[in-house]
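Thank you all for coming; I would like to take a few minutes to walk through one chain, moving from its overall make-up to its interior and then to its surface. Please have a look at it first.

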Amino acid sequence: MEAVTINKLFSINWHCESGLVDNVELVVEEYRQARGLLPLRLCILGPPAVGKSSLSKEICQHYKLHHITLKETLSEAITRLVSRQEQIKLLRDKLMSNPCRNQGYVLDDFPNTYEQANELFEEDQDESSSSRRIMPGRFAPSSLVCFTSHCINMELLVSAAEFLLCLDASDSFLTDRVINLPEEVVQELDYEPEQFLSRLAIYRGNNQEDKTVLNFFEELDVRLLYLGNLRRDNMCRYLKEGFSTQSSEEAMLKEEQDLENLTVQMRSYLMEHVMPTLSQGLIECCRAQPPDPLEFLAEYLFRNNPLDQP
């Protein structure tokens with residue numbers, strides 16, 4: 001039977017009528033959800049010299065994530081002066097790229113203020129007409145955990161951080177750490193005494209405002225991990241234990257159990273609703289021996305569909 005004939009006879013609600021190529025992103029998202037391949041998205045904040053970049057690199061190496069910084073993101077673009085809005089857009093595009101959406105990322109030392117976080121994750125007014133709006137409520141861990149009064153762009157939903165790691169230490173601890181750093185590292189990171197103290201003062205000032213960047217993530221109910229004066233190896237061990245919700249063995253066993261349950265349900269449905277009519281149709285086909293057995297069997301199934309019987 002021709003496909004055109006089937007399309008005329010039945011009212012089919014297409015899921016991806018335009019084909020696989022045009023809907024490959026939807027297929028990838030459904031595959032990730034079905035297999036439990038949920039990306040890990042983490043934002044690390046803290047004062048200068050607390051160890052954000054070093055910890056970010058170790059987490060990325062352990063979990064096979066992408067290390068995202070504002071400086072490197074801008075350097076990937078054309079080396080030219082860009083406005084603050086263009087910087088935010090470049091970083092947003094990076095977070096929404098397929099590698100970050102599918103595997104996850106660690107966003108290092110950004111955003112630093114409530115306003116920056118608002119610009120990065122809130123819906124762009126220029127794109128609001130073409131974006132779907134999300135109502136407040138909870139979502140699966142693969143998405144942003146919770147929304148309140150914020151209006152989030154649907155595309156940004158899949159790229160928003162679901163963990164916020166806040167590192168902190170006393171000013172004296174940070175100053176001593178910078179003093180003991182090699183000279184080349186100090187120059188590379190712009191940790192000369194005057195610049196370091198200025199950056200530290202700016203960070204402390206930003207976190208004494210009425211609305212801080214932590215308030216923004218708290219309003220979205222993003223899970224916050226706060227670490228004080230811990231050694232870096234202790235931080236890494238703590239995070240690996242905290243993020244690993246289940247071992248790979250447990251995940252495989254759960255997947256096998258889910259597939260087995262689905263198979264049992266499918267087999268039960270086929271034996272009850274499909275096999276009796278199909279078996280009788282095959283018997284009738286053998287008796288009649290039509291020139292086109294497939295067409296004969298298809299018409300028999302249509303005529304004897306038990307769900308259509310009064």
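**Overview, core and surface**

The chain holds 15 helices and seven strands, where helices (H or I, at least four residues) and strands (E, at least two) are DSSP runs, numbered from the N terminus. I should say early that this is a predicted model, in which local features need pLDDT of at least 70 and side-chain atom pairs count only at pLDDT 80 or more, while totals for chains, interfaces and linings use all residues. Residues are numbered from 1 along each chain as its sequence is written, and side-chain values use heavy atoms, with hydrogens and water left out.

Of the 310 residues, 32% count as buried, meaning under 20% relative accessible area, with exposed being over 50% and partly exposed in between (1.4 Å probe, protein chains only). If we take contacts (heavy atoms within 4.5 Å) with a separation of 6 or more, 69% of them are between residues 24 or more positions apart.

Let me turn to the interior. The largest nonpolar core, that is, a set of buried Ala, Val, Leu, Ile, Met, Phe, Trp, Tyr and Cys residues joined through side-chain atoms within 4.5 Å, has 25 residues, and Leu107, Leu120 and Phe217 touch the most other members. Among the elements that give two or more residues to this core are strand 1 (40–45), helix 7 (114–121) and helix 12 (213–219). Leaving aside residues up to four places away in sequence, Phe217 touches Cys43, Pro111, Phe121, Leu164 and Val222.

Which residues form one aromatic cluster? They are Tyr114, Phe216 and Phe217, with rings of Phe, Tyr and Trp (its six-membered ring) taken to pair if their centres lie within 6.5 Å, and with planes under 30 degrees apart counted as stacked, over 60 as edge-to-face and the rest as tilted. The rings of Tyr114 and Phe216 have centres 5.6 Å apart and planes at 80°, so this pair is edge-to-face; it links helix 7 with helix 12, across 102 residues. Phe216 and Phe217 are also an edge-to-face pair, at 5.7 Å centre to centre and 90° between the planes. Phe216 is buried, because its relative accessible area is 0%, and Phe217 is buried, with a value of 3%.

Finally, the surface. Leu270, found in helix 14 (residues 248–288), is partly exposed, because its relative accessible area is 35%.
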